[in-house]
Amino acid sequence: MQIEGTFDVKLTPQSAAEGQTWGRQTITKTFHGALEGSSRGEMLAAGTAVKGSAGYVALEQVSATLEGRHGTFFLQHFGLMDKGAPTLTVSVIPDSATGELAGLQGTMSIDISGGQHRYTFNYKLPPR
């Protein structure tokens, strides 16, 4: 199945540990559309001396309703910018889904344009 929707996101910078050269932020999201719910997570990001090159990793726990089924699951993010060329992989962590979403598998793509955050979620749920 493939669904699309929007989400609101708030990133809050966190204090770095002593000697830490990368940034850390908390993530709070609200999902709208076929995936309705919210998430909380953490992101680590590092830039380089080369303009437009950076990377980030994040984990977020989503609590949502999908196809009328409620539960939680974790998303893992892996993003790179190579001199301005972005790549991003966002995947459901295997066996992380709970409740009526147990067995959920999938990947999510994120598009940001015109200040609007959109998701496309390709997923598979086991039969009820």
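Start with the whole chain in cartoon view: eight strands form a closed barrel in the order β1-β2-β3-β4-β5-β6-β7-β8, paired in the antiparallel sense. From one strand to the next, the twist averages 25 degrees. Keep in mind as you go that this is a predicted model.

**Stop 1: β2 and β3**

Select β2 (23-33) and β3 (35-47). These two strands run antiparallel and are joined by nine bridges. For one bridge to look at, pick T30 and find its partner, S38 in β3. Then follow the chain from β2 into β3: the hairpin between them passes through one residue.

**Stop 2: β3 and β4**

Keep β3 on screen and add β4 (54-66). Here the antiparallel pairing extends over 13 bridges. Show E42 and look across to β4, where L59 stands opposite. The hairpin of β3 and β4 has six residues between the strands. Within that hairpin, click on G52, whose phi is positive, near 85 degrees.

**Stop 3: β5 and β6**

Move on to β5 (69-82) and β6 (85-92). Eight bridges join this antiparallel pair. Select M81 and you will find P86 of β6 opposite.

While you are in β5, show the side chain of T72, which lies in this strand. Is T72 buried or exposed? T72 counts as buried because its relative accessibility is 18%, and the cut-off for buried is under 20%. Now add T98 as sticks: the side chains of T72 and T98 make a polar contact at 2.5 Å.

**Stop 4: the largest pocket**

For the last stop, switch on a surface or pocket display. How much space lies in the largest pocket? The volume is about 490 Å³. To centre your view there, select M43, Y56, L88, I110 and I112, the closest to the pocket centre of the 20 residues that line it.

Next, colour the lining by strand. The elements giving two or more residues to it are β1 (2-13), β2, β3, β4, β5, β6 and β7 (105-113). Which strand gives the largest share? That is β5, with four residues, the strand you visited for T72.

Finally, recolour the lining by residue class: you should see 14 nonpolar residues, five polar ones and one charged residue.

Key
Residues are numbered from 1 along each chain as its sequence is written. This is a predicted model: local features need pLDDT of at least 70, side-chain atom pairs count only at pLDDT 80 or more; totals for chains, interfaces and linings use all residues. Side-chain values use heavy atoms; hydrogens and water are left out. On a 1 Å grid over the protein atoms alone, a cavity is a set of points where a 1.4 Å probe fits but cannot get out, and a pocket is an open set with protein on both sides within 12 Å along at least five of seven lines; lining residues have an atom within 4 Å of a point. Grid points are joined across faces, edges and corners, and a volume is the space filled by probe spheres set on the points. Ala, Val, Leu, Ile, Met, Phe, Trp, Tyr, Cys and Pro count as nonpolar, Asp, Glu, Lys and Arg as charged, and the others, Gly among them, as polar. Two strands pair if DSSP finds at least two bridges between them. Axes are lines fitted to C-alpha atoms, for helices over the stretch in contact, and angles run from 0 to 180 degrees between N-to-C directions. Buried means under 20% relative accessible area, exposed over 50%, partly exposed in between (1.4 Å probe, protein chains only). A polar contact is a pair of N or O atoms within 3.5 Å; within protein, one must be able to donate a hydrogen and the other to accept it, and residues adjacent in sequence count only if both atoms are side-chain atoms.
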